[in-house]
Amino acid sequence: MREISAETITETVKKLCISANTELGEDVVKALEKAVEMERSTAGKDILKRLLENAKIAREEKIPICQDTGYAVVFVEIGQNVRVVGGSLKDAITEGVRRGYSEGYLRKSICHCFSRENTGDNTPVVIHYDIVPGDRFKITVAPKGGGSENMSRVTMLTPAVGVEGIKEFVVQRVKESGPNPCPPTIVGVGIGGTFEQAALLAKKSLLRPVGDPNPDPEIAGIEKDLLDRINRLGIGPQGLGGYVTSLAVHIEMMPCHIASLPVAVNIQCHAARHKEAEL
Amino acid sequence: MKEPKKLTTPLTDDDVIALKIGDTVLLSGVIYSARDAAHRRLVELIKADKPLPFELQGQVIYYMGPSPAPPGRPIGAAGPTTSYRMDPYAPTLIAHGLKGMIGKGARNDAVKEAMQKHRAVYFAAIGGAGALMSKSILSAEVIAYPELGPEAIRRLEVKDMPLVVANDVHGGDLYVEGVKQYSRI
């Protein structure tokens, strides 16, 4: 049995919270640079350039890319031969978020659903555990902002609508979201599984480097077609009109029930924050 | 693009009437940050006929909840939050003298009607550019509801904050016009 201390996990999560919120991934930076070339609207081009400038300031001055430093979403892959010592895994992750959001001057954005009273330390944390073979331990921190999360939806389509029905749902969702999720966005799509699994697939698709296609050529073709249709909507950067509404569409798919066709759309703003570590 | 217009708060009717959608503005002076929870409280105070924590007449509210200020900075990241969530409250504030709102995303018909009727303007700031936006904030002071944390009302002193007019008093809506211009469907 390989042992990993709870304190090591806490410190790792702390660092990942801070780096995810201040260092925009190189994949997003490249996608934004490409978007500047593609954009025809002068105002849109200017907004995209300012987002690049913003990322540079955040990285150099170590302040958050966006003031909404998100709900801390954590993905854990823990080998079945790994044992966490000196505390529980959940407590270790929660404490890491607490420390990261305090020491990193990150905004605490979590509140009670009715009273709206802030919990004060950005906890609880949404944790997705995956038990895998062997003795590896991989942890990903993916802070998710409220603006783009609010525009996300899950639906149970009728199987008869087919691929075209799925495409219509995704495009319609982006259209109705308009300027609200801070375009340019990355559109995460989960197809199949069950109601909750579709949402999780959509969220996991956002961890893929921006613009990397799904390895299945049929799905990659749908991603490409969807991106083209979305960018014809005219929403543009910040929803003020333009050609670049989304930087990428990522689809993850798994088989579904013979009666069902679950589809989830998880919209992500350009601050596609996720940082991972292996212990 | 046209040269940006320099504006200083508080705003007058004449300032607001002169603005048209698509105009870029560099805003200076004192503005106030307030978002969801603070709006709920402000409107409750107005309904109860009680005094507000700041005078609304001619003022500008920024829909923003900053990240904490690291040592040596007046504020952390400070970009706009999505405005539609303030739509249920905005017409009441506009009717009581609010002249400007800064946020991101489209407004509903009730807000747009109140803006036309009482002469107020809605500016869009760049969502997701919190680090950049913080550069135009010179000072920040919590003046009400500290228990709301990031949602507390702050008095902000700003210098040349880059904004674009998204809704004007003439009924223009940049979110509608801009998209119409670039739609290819």
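Which residue forms a salt bridge with E149(A)? Keep that one in mind for a minute, because I want to set the scene before anything else. 

A word on what we have: this is a predicted model, in which local features need pLDDT of at least 70 and side-chain atom pairs count only at pLDDT 80 or more, while totals for chains, interfaces and linings use all residues. Residues are numbered from 1 along each chain as its sequence is written, chains are lettered from A and ligands numbered from 1 in the order in which they are written, and side-chain values use heavy atoms, with hydrogens and water left out.

Okay, back to the opening puzzle. The partner of E149(A) is K144(A), and the closest N and O atoms of the two are 2.9 Å apart. By salt bridge I mean a side-chain nitrogen of Lys or Arg within 4 Å of a carboxyl oxygen of Asp or Glu.

To place that pair, look at the domains of chain A. The assignment, which is an automatic or database one, gives domain 1 as 2–20 + 65–144 and domain 2 as 147–272. Taken over C-alpha atoms, the centres of these two domains in chain A are 26 Å apart. Nine residues of domain 1 of chain A are in contact with 13 residues of domain 2 of chain A, where contact means heavy atoms within 4.5 Å.

How much area do the two domains of chain A bury between them? About 710 Å², with 70% of it on carbon and sulfur atoms. Buried area here is the accessible area (1.4 Å probe) that two parts lose on being put together, summed over both. On the domain 1 side in chain A, I65(A), F75(A) and K144(A) supply 67% of the buried area, more than any other three residues. So K144(A) turns up twice: in that trio, and in the salt bridge with E149(A).

One salt bridge is the full count between domain 1 and domain 2 of chain A. There are also three residue pairs in polar contact between them, both residues at pLDDT 80 or more. A polar contact is a pair of N or O atoms within 3.5 Å; within protein, one must be able to donate a hydrogen and the other to accept it, and residues adjacent in sequence count only if both atoms are side-chain atoms. The elements giving two or more residues to the domain 1 side are β2 (71–79), β4 (126–132) and β5 (137–144) of chain A, and β5(A) gives the most, with three residues. Helices (H or I, at least four residues) and strands (E, at least two) are DSSP runs, numbered from the N terminus.

While we're on strand β2 of chain A, have a look at A72(A), which sits in it. A72(A) is buried, at a relative accessible area of 0%. Buried is under 20% relative accessible area, exposed over 50%, and partly exposed in between (1.4 Å probe, protein chains only). Leaving aside neighbours within four places in sequence, A72(A) is in contact with V97(A), Y101(A), N122(A), V125(A), V126(A) and P143(A).

Now the two chains. 43 residues of chain A are in contact with 42 residues of chain B, and the chains bury about 3,600 Å² between them, 62% of it on carbon and sulfur atoms. Of the area that chain A buries against chain B, 19% comes from Q67(A), Y105(A) and L240(A), more than from any other three residues.

Which residue of chain A meets R73(B) in a salt bridge? That's E61(A), at 2.8 Å, N to O. E61(A) also meets K135(B), at 2.7 Å, N to O. The rule finds two salt bridges across this interface, along with 15 residue pairs in polar contact, both at pLDDT 80 or more. Helix α3 (residues 42–61) of chain A gives eleven residues, the largest share of the side of chain A that touches chain B. E61(A) is partly exposed at 32% relative accessible area, and K135(B) is partly exposed too, at 42%.

Last stop, salt bridges within chain A; the structure holds 36 over all chains. D68(A) and R107(A) meet in one at 3.6 Å, N to O. D68(A) lies in the loop between α3 and β2 of chain A and R107(A) in the loop between α4 (89–103) and β4 of chain A, so the pair ties together parts that are 39 residues apart in sequence. Both D68(A) and R107(A) are buried. R232(A) and D228(A) pair up as well, at 3.3 Å, N to O; R232(A) is partly exposed at 32% relative accessible area, and D228(A) at 37%.
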